[in-house]
Each structure stands twice: as C-alpha cells, then as structure tokens.
Amino acid sequence: MKRLARRTNWAAIVALFILVINLFPFAAFVHAESVAPGDVRPGAVQPGEIRPGNISPNDIQPGSFQWETGEISPGEIQPGSLDVGNTRPGNVQPGSVTPGSLSGKGDSKAYDYVNWSINSAFGGSLSMVADMAEGNVDPATFASMRSLFLVELGVKAIDIHLKDTSFDWVSGLPVDGFDATSAWMNFKFIKDTASGLQVTGLVKGLNVATAGISLVFDSIDTFTNFQDAFDSGNSQSERIDYAIDGTGSFGSTLMDAGVIAAMIPGGQTAAVVLVSVGGVLWVGSKLAKWGRKLFKRFA
C-alpha cells in the first residue's frame, strides 16, 4: 500500500512537469498583445574554416618582461580666474498638466498577465497535481484533466483581452463557472478533512501552496476594488461595480484562508466556517454582478 502511494506521488510530480511544459504556448499567447516585434530577418552566418597550427607547449618561450617608467614631472597648473556672468532665466510658466485617470491595476493589463501566469497557470497546476496525488493516476485521467485545465487557461487568457469590452460576458461567464467549480472542490476537500480524512504530506503541501498563491492575489484584488469603490472620482455605477467585485474578492480570500487553516491541526472547524462564509459572499457577488449586467443590457 505504501509503495502504491509512493508511486502515485511520483506520477503526480512527473505529471506536473509535463503540464508546465504545455503551458509555454499559452504564456506566449497571453503576452502577445504587449509584444509587437518588428520584422526580424537575420542574415546567414557562415563562419570560415578555422585551422589552428600545431601548438607545442615546449616551443613557447616568453621573453623577459620589463616595465620601466620614466620620470613624470607635471608642469605647474595655474588656472585663470573664472568669473561667471549673471544668469537670469526668463519666466517659466508650464501649461496646464492634466493627467489621465489612473486607477491602479484596472488601467493596465500587466497585473492581469502576472495574475494569469502565477495564480492561474502555476497555482492551477499545483492544484491539479494535488487532485491527482489523492488517487491513482492513469494516462486517461491525466489526459482528461490536463485538457480541461488547458481549456480553462485559454478561456482566462481570452478574458484578459475581452476585459472592459462589450464582449466581456463571452469569456466572463465560463471563467466564473471554472472558479465556482474550484471553490466547490475546495469546500468538499475541507469537509472531508474535517471528517477525519487522512491526506499525505504531498497533498497538504500542494494545497497550502495553491491557497497561499491565490490568497496573495485575492487580497490585492480586495484592497484595490474597495479602494476604487470609495474613490469619489468614479461614477456611482462604477463604485457599485467595484464594491461588488471587492465583496467577491474578499469571499475568495476567506476561502483561501480556509484551505490553509484546514491543514493546521485543530483548524478544521475554523476552515469550514471560513470557506462557508467566503463561499456565500463570492456567490452573492457573482449573482449581483450578472444581475446588473443583464439589467444594463436590457434596460
């Protein structure tokens, strides 16, 4: 039995490396918008033949090396008097400078790229490997889970480029569906752990690492969303949207904390509470978000 568990853990680790290799095409796709290289056509490089002569160490006899410096006598240096004239700059009156609206991560996709690369791609890989490490890993199971995971990454990459457009619902709806599935799996795992289910150290470590990565980004999203929600420079409708997103991000933060607490001896009860409360806040925010979208669309 121990040999089977050890073999399963190694298979999961090997699957992680295979999965990471498959992520590079998606990483190139998600960063394609910010990279616009010119037409690069290097010429053909054909070095000539290099034929060194015979080198015999015994034939090398360096001569004596002597360093003799002559006398250095600098002459007298007498600078003339330096008398700067009067400097009177004219009046400098810059024109009116009106910077554009800067609202943190919302105005740049750089944060979304980092979030996708670290949280979705790397953290999601760890989560999938943790799921596989809990049971027997066979080629068919790995192929199906890997395919679904790559589809999820592709949809989230497309969602970055459709963000803040009239077509954001096309990718936003399946993204929320994938996140809901992940949240449900975390809730199920914590309930099983609270009921006395024994998990290996590898599974514990992978789940804690995944939750820790997600916790960082969810905390950042919570802070920035609520910051924008209280920014008087935004319209009332925008502030409501930011408040709804902040509530969802806070719910995700609580669920991440619940997964970490579940791995601490005696923290299973607190973990169930954190995940339950976080799940309610997350689901409520998504319902409110899509309700407002439908109302704006058909009102």
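This passage describes the helices of a predicted model, the way they pack, and a number of individual residues within them.

The secondary structure of the protein comprises seven helices and zero strands, and from the N terminus on the elements accordingly read α-α-α-α-α-α-α. Of the 299 residues in the protein, 29% are buried.

The packing of the helices is considered next. Two packed helices are described by the angle between their axes and the distance between the axes. Helix α6, which covers residues 236-262, packs with helix α7, which covers residues 268-298, at an angle of about 155°, and the two axes are 7 Å apart. Because angles over 145 degrees count as roughly antiparallel, this value makes α6 roughly antiparallel to α7. The crossing of these two helices, α6 and α7, is left-handed. In the contact of α6 with α7, the residues divide into 16 that are nonpolar, 10 that are polar and five that are charged.

For α3 and α4, the axes come within 9 Å and cross at roughly 140°. That angle makes α3 oblique to α4, and α3 passes α4 in a crossing that is left-handed. Helix α4 also packs with α6, in this case at an angle of about 30° and with the axes 10 Å apart. Since angles under 35 degrees count as roughly parallel, α4 and α6 are therefore described as roughly parallel to each other, and the crossing of α4 and α6 is again left-handed.

Attention now turns to the aromatic side chains, for which the count comes to two aromatic pairs, the rings being paired if their centres lie within 6.5 Å. Y111 and F217 form a tilted pair, with 6.2 Å from centre to centre and 55° between the planes. Y111 lies in helix α2 (residues 110-133) and F217 lies in helix α5 (residues 201-229), so this pair ties together parts of the protein that are 106 residues apart in sequence. Both partners fall under the 20% limit for burial: Y111 counts as buried because its relative accessibility is 16%, and F217 is likewise buried, with a relative accessible area of 8%.

W184 and F187 also form an aromatic pair that is tilted, with 5.9 Å from centre to centre and 35° between the planes. Here both residues, W184 and F187, lie in helix α4 (residues 168-194), where they are three residues apart, or about one turn of the helix. W184 counts as exposed, its relative accessibility being 52%, whereas F187 is partly exposed, with a relative accessible area of 22%. A further arrangement that involves an aromatic ring is found at W290, where K293 lies over the face of the ring, at 5.8 Å from the ring centre.

Other residues can be placed with respect to the helices described above. I160 lies in helix α3 and is buried, with a relative accessible area of 7%. The C-alpha atoms of I160 and Y113 are 7.9 Å apart in space, although these two residues are 47 residues apart in sequence. A comparable description applies to L215, whose place is in helix α5 and which is partly exposed, with a relative accessible area of 24%. L215 and A257 are 42 residues apart along the chain, while their C-alpha atoms are separated by 7.1 Å.

The backbone of D164 has a positive phi of about 65°, although D164 is not a glycine. This residue, D164, is found in the loop between α3 (139-162) and α4. D164 counts as exposed because its relative accessible area, at 64%, is over the 50% limit.

Note on methods: Residues numbered from 1 in each chain as written. Predicted model: local features only at pLDDT ≥ 70, side-chain atom pairs only at ≥ 80, totals over all residues. Heavy atoms only, no water. Axes fitted to C-alpha atoms, helices over the stretch in contact; angles between N-to-C directions. Helix = DSSP H or I, 4+ residues; strand = E, 2+ residues; numbered from the N terminus. Parallel < 35°, antiparallel > 145°, perpendicular 65-115°, else oblique. Left-handed = near helix turned anticlockwise from the far one by under 90°. Nonpolar A, V, L, I, M, F, W, Y, C, P; charged D, E, K, R; others polar. Phe/Tyr/Trp six-rings, centres within 6.5 Å; stacked < 30°, edge-to-face > 60°. Buried < 20%, exposed > 50% of the residue type's maximum accessible area, 1.4 Å probe, protein only. Lys NZ or Arg CZ within 6 Å of the ring centre and 35° of its normal.
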